[in-house]
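Visitor: I should like a close look at a single part of this protein, set in the context of the whole. Please take one helix and describe its surroundings.

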Amino acid sequence: MSGKARDLAFVFAGGNAVGAYHAGTYEALHDHGLRPDWVVGASMGAVTAAIIAGNAPEDRVAKLRTFWEEATQKTGPDPTGLLKPRQVYNGLHALMTLAWGRPNIFGHRLPGLWSALPWVPNDVALFDNAPLLRTLERLVDFERLNRGGTRLTVACVDIETGEEVYFDTSREEIRPEHILASTAIPPAFPPVEIGGRVLCDAGFTNNLPLDPVFASEPERDLLCIASDLFSLKAPRPASLDAVLERANDLIFASAPRRAISGLRREYELRDRLDPNGPKVTLLHLVYQAGADELAAKSFDFSPSSICDRWTAGGRDAVRGLELLKPVRRASGRFDYLAPADSPVAPKDTGPQAASAVA
C-alpha cells in the first residue's frame, strides 16, 4: 500500500445461527490489532456490527461471546464426531429452535403459523423477534454507537418497493429498531415500520452489503474485509436436504458474486482514468459449511455447531491476513483476495491473489 493513510471497513453478511462465524472472524482480526473505522451489516451481520460499533474495543469480543453463549442451546456437544449422528444432532437442534425459539433472539407469535387455518386471523410472520430488542439494549451502548467513533451502516429492504435502504450513523441516529428491521427476514419475522416505510431483512436481495463501502471512490486507500456466510461452491448434492441447502446457499451467495464482478469492472475503468488514485483491497472470507450441516443450518444453535463456526471464522481470518503480508505489488487499483482453499478461490481471485498490501 502507498504511504497514505488507509481506511479499514468490515462487512458482515446475514445468516442467523451461522453468524457465529462472524464472531470468530472478528476475534481473530481484533487479536491482530485491526480496529475498523466502519462496520456494515445485514441481518445477523447487522447485530454483529452493532455490538462492535456500540462497545469500547476492549469489550467487543466479550459482548459477542455473551450474545452467542445466550443464543446457544443448553444441550451437550456432539458425542460421537461421526457424520450421520452429527447430522441427526444438528437436525434435532434446528427442530428445537423452531419449536421453542431462542430466548435472546426470538420466540413464537400468535397466530403465526396458525393463521394458515380457516377462520384464523391473518398474520405476516411465524416468530416474534422482539426479544432481540432487549438483547441489543443490554449488549449495545447506542449512545456510543451514535457518537461515530466507528461508523455503522445497517442494510434493510423496503418490503413494498423492493428498494434497498441503508441507515448510517454518519447521517442519522440508529436505534435498536433499525437493527431489528435488518433481521426481519420474511416470513420468519415480521417487518418493522420506520419513518413510514415497512422494512425487512436485505438477505434475499443483498446479503453481503458491500455497496455502501464502494458507493463512492474512497478518499484514501481502503482495506475492506468481508465476512460471508454462504458459499457459491459446494460438492454435488446427493440428497433432498442437500439440494435444499444448495438452493438456499445460491440465493444468498449470488448477489455478492455479482457485486464483486461489478467492482472489478468499475476499477478497471478507474485505473485507466486515474492509475494513481486510492487503491482498494477486498479480503473475502467465506464460511464453508461442513458435510454435517443441513438446509436448516440457520436455525441450528447447537453447542457443537456454534463452536465450529466460531473456530472456522478465526481460522479463515488468520489465513486471510496472511495474504496481506508483503509479497509483491499487484497492478491496478483493485485487489480481490481470498484464502487459497476458500470456496471463491482460485478462479475468482485471479493472478492478484498473491498480491500484498504493503
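Guide: A residue is called buried here when its relative accessible area is under 20%, and exposed when that value is over 50%. The model is a predicted one, and the part chosen is helix 4, which spans residues 83-100.

Helix 4 contains 18 residues, and the distance from its first C-alpha to its last is 26 Å, close to the 26 Å expected at 1.5 Å a residue. Its buried residues are R86, Q87, Y89, N90, G91, H93, A94 and T97. An α-helix has 3.6 residues a turn, so residues three or four places apart point the same way. The buried residues of helix 4 pack against helix 11, formed by residues 303-322. Just after helix 4 comes G101, whose phi is positive, at about 75 degrees.

The setting of this helix is a protein with eleven helices and eleven strands. Its radius of gyration is 20 Å, close to the 21 Å that the globule rule gives for 358 residues, so the protein is as compact as a globular protein of that length. Along the principal axes, the C-alpha atoms fill a box of roughly 65 × 50 × 40 Å. Of the 358 residues, 56% are buried. Among contacts with a separation of 6 or more, 73% are between residues 24 or more positions apart. The exposed surface amounts to about 15600 Å², of which carbon and sulfur atoms supply 58%. As for charge, there are 39 positive and 45 negative side chains, and the centres of the two sets lie 5 Å apart.

Helix 5 follows, at residues 130-139, with P131, L132, L133, T135, L136 and L139 buried. The cover over these buried residues includes helix 2 (44-53), helix 3 (60-71) and helix 6 (142-147), together with strand 3 (107-108) and strand 4 (127-128). Helix 7 (176-183) is also part of that cover.

A strand residue may be added to this picture. I194 belongs to strand 7, which runs over residues 192-194. Its relative accessibility is 17%, so I194 counts as buried. Leaving aside residues up to four places away in sequence, I194 touches F167, E177, H178, A181 and L199. The C-alpha atoms of I194 and P212 are separated by 20 Å, the two residues being 18 residues apart along the chain.

Notes: Residues numbered from 1 in each chain as written. Predicted model: local features only at pLDDT ≥ 70, side-chain atom pairs only at ≥ 80, totals over all residues. Heavy atoms only, no water. Helix = DSSP H or I, 4+ residues; strand = E, 2+ residues; numbered from the N terminus. Rg over C-alpha atoms; globule rule 2.2 N^0.38 Å. Buried < 20%, exposed > 50% of the residue type's maximum accessible area, 1.4 Å probe, protein only. Contact = heavy atoms within 4.5 Å. Areas by Shrake-Rupley, 256 points an atom, 1.4 Å probe, with all protein chains shown as cover. Lys, Arg positive; Asp, Glu negative; His and termini not counted. Charge placed at Lys NZ, Arg CZ, Asp CG, Glu CD. Expected span 1.5 Å × (residues − 1).
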